[in-house]
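Here is a set of short exercises to work through with the model open beside you. Try each task before reading its solution.

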Amino acid sequence: MPQDSAPHGGAPLEIIAASLRRERTRAGLSLTEVARRAGLAKSTLSQLESGTGNPSVETLWALGVALDVPFSRLVEPDRPRVRVIRAGKGPTVFAEHADYACTLLSACPTAARRDMYIVRAEPGTPRRSDPHMTGVVEHTVLCAGRARVGILDDPVELLPGDYICYPADVPHIFEALEPGTFAVEVSEYN
């Protein structure tokens, strides 16, 4: 597979490789230390940094945690200051067990620590999320439909225009209660 190609339509390997090198250098960590923190073999990390590996989502999440950076910083290239994403476009990831899709609108810039998403969900199986990194807070504004959102043990029903903020370093949920439910979500990394 050429280095600029993307595995399974995902982020190009050259972007992932450059991002890993940049973030490891920024953190002042060796290959050995990052691999240890992420639970990977040093050779695996070396391959990823050279653009020859094929990282899974789990591997990239582990590396993000090891480097203390949001997942998006490892898969999105640097963007110019003005950016437009048309409705229905942008990098979208789908949930495995729920009718739930998350489209990255704005990756966390270097000086900030947040990502912005459009979340689309349909009634049925709710999207239950495991805890994110320590200190992550999610902000959600419901745009259409109706949903139960927040901490898994105490979600809040939202209507269009409602806003909720909750810690995302504990189990949490997004459950669509009406067809066509969608929201804007910001994950803030503290």
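**Exercise 1. A residue in a loop**

Between which two strands is the loop where Asp169 is found? Describe its surroundings as well.

Solution. Keep in mind throughout that this is a predicted model.

- Step 1: Asp169 sits in the loop that runs between E8 and E9.
- Step 2: Its relative accessible area is 29%. Buried would require a value under 20% and exposed one over 50%, so Asp169 is partly exposed.
- Step 3: Leaving out residues up to four places away in sequence, Asp169 touches Pro131, His132, Met133, Thr134, Gly135 and Val136.
- Step 4: Asp130 is 39 residues from Asp169 along the chain, and 7.9 Å separates their C-alpha atoms.

**Exercise 2. The chain as a whole**

Find how many helices and strands the chain has, and what share of its residues count as buried.

Solution.

- Step 1: The secondary structure consists of five helices and 10 strands.
- Step 2: The chain has 190 residues, and 41% of them count as buried.
- Step 3: Take the contacts with a separation of 6 or more; residues 24 or more positions apart account for 61% of them.

**Exercise 3. Two helices and their buried residues**

Work out which residues of H1 and of H4 are buried, and what they pack against.

Solution.

- Step 1: H1 covers residues 13-27, which makes 15 residues. From first C-alpha to last it reaches 21 Å, close to the 21 Å expected at 1.5 Å a residue.
- Step 2: Its buried residues are Leu13, Ile15, Ile16, Ala17, Ser19, Leu20, Glu23 and Arg24. Their cover includes helices H2 (31-38), H3 (42-49), H4 (57-67) and H5 (72-75).
- Step 3: In H4, the buried residues are Thr59, Leu60, Leu63, Gly64, Ala66 and Leu67. Viewed down the axis of H4, they fall within an arc of 165 degrees, so they line one face of the helix.
- Step 4: The buried residues of H4 pack against H1, H2, H3 and H5.
- Step 5: Look just past each helix. Gly28, just after H1, takes a positive phi of about 70 degrees, and Asp68, just after H4, takes a positive phi of about 60 degrees.

**Exercise 4. Two nonpolar cores**

Identify the members of the largest nonpolar core that touch the most other members, then look for a second core.

Solution.

- Step 1: The largest nonpolar core has 17 residues, and Tyr100, Leu142, Val149 and Phe174 touch the most other members.
- Step 2: At least two residues of this core come from each of the strands E2 (100-106), E3 (114-121), E6 (147-151), E8 (163-167) and E9 (172-176).
- Step 3: A second, separate core has 16 residues, among them Leu20, Ala66, Leu67 and Leu74.
- Step 4: Return to Leu142. Beyond its neighbours within four places in sequence, its contacts include Ala147, Leu158, Pro160, Phe174 and Phe182.

**Exercise 5. Charged side chains**

Search for salt bridges, and consider a buried Glu that has none.

Solution.

- Step 1: Side chains of opposite charge can pair when their charged atoms come close. The whole structure yields nine salt bridges.
- Step 2: Glu23 forms a salt bridge with Arg22, with the closest N and O atoms 3.0 Å apart. Glu23 is buried at a relative accessible area of 3%, whereas Arg22 is partly exposed at 32%. A network of salt bridges links Arg22, Glu23, Arg26 and Arg73.
- Step 3: Arg37 and Glu33 meet in a salt bridge of 2.8 Å, N to O. Both lie in helix H2, four residues apart, about one turn of the helix.
- Step 4: Glu157 and Arg146 meet in a salt bridge too (2.9 Å, N to O). This pair links distant parts of the chain, 11 residues apart: Glu157 is in strand E7 (residues 156-158), and Arg146 is in the loop between strand E5 (137-144) and E6.
- Step 5: Now turn to Glu185, in strand E10 (residues 181-188). Glu185 is buried yet has no salt bridge; Arg127, the nearest side chain of opposite charge, is 8.6 Å away. Beyond four places in sequence, the residues that Glu185 touches include Tyr100, Asp115, Glu138, His139 and Tyr166.

Methods:
Residues numbered from 1 in each chain as written. Predicted model: local features only at pLDDT ≥ 70, side-chain atom pairs only at ≥ 80, totals over all residues. Heavy atoms only, no water. Buried < 20%, exposed > 50% of the residue type's maximum accessible area, 1.4 Å probe, protein only. Lys, Arg positive; Asp, Glu negative; His and termini not counted. Salt bridge = Lys/Arg side-chain N within 4 Å of Asp/Glu carboxyl O. Contact = heavy atoms within 4.5 Å. Expected span 1.5 Å × (residues − 1). Arc of directions from axis to C-beta. Core = buried A, V, L, I, M, F, W, Y, C linked by side-chain atoms within 4.5 Å.
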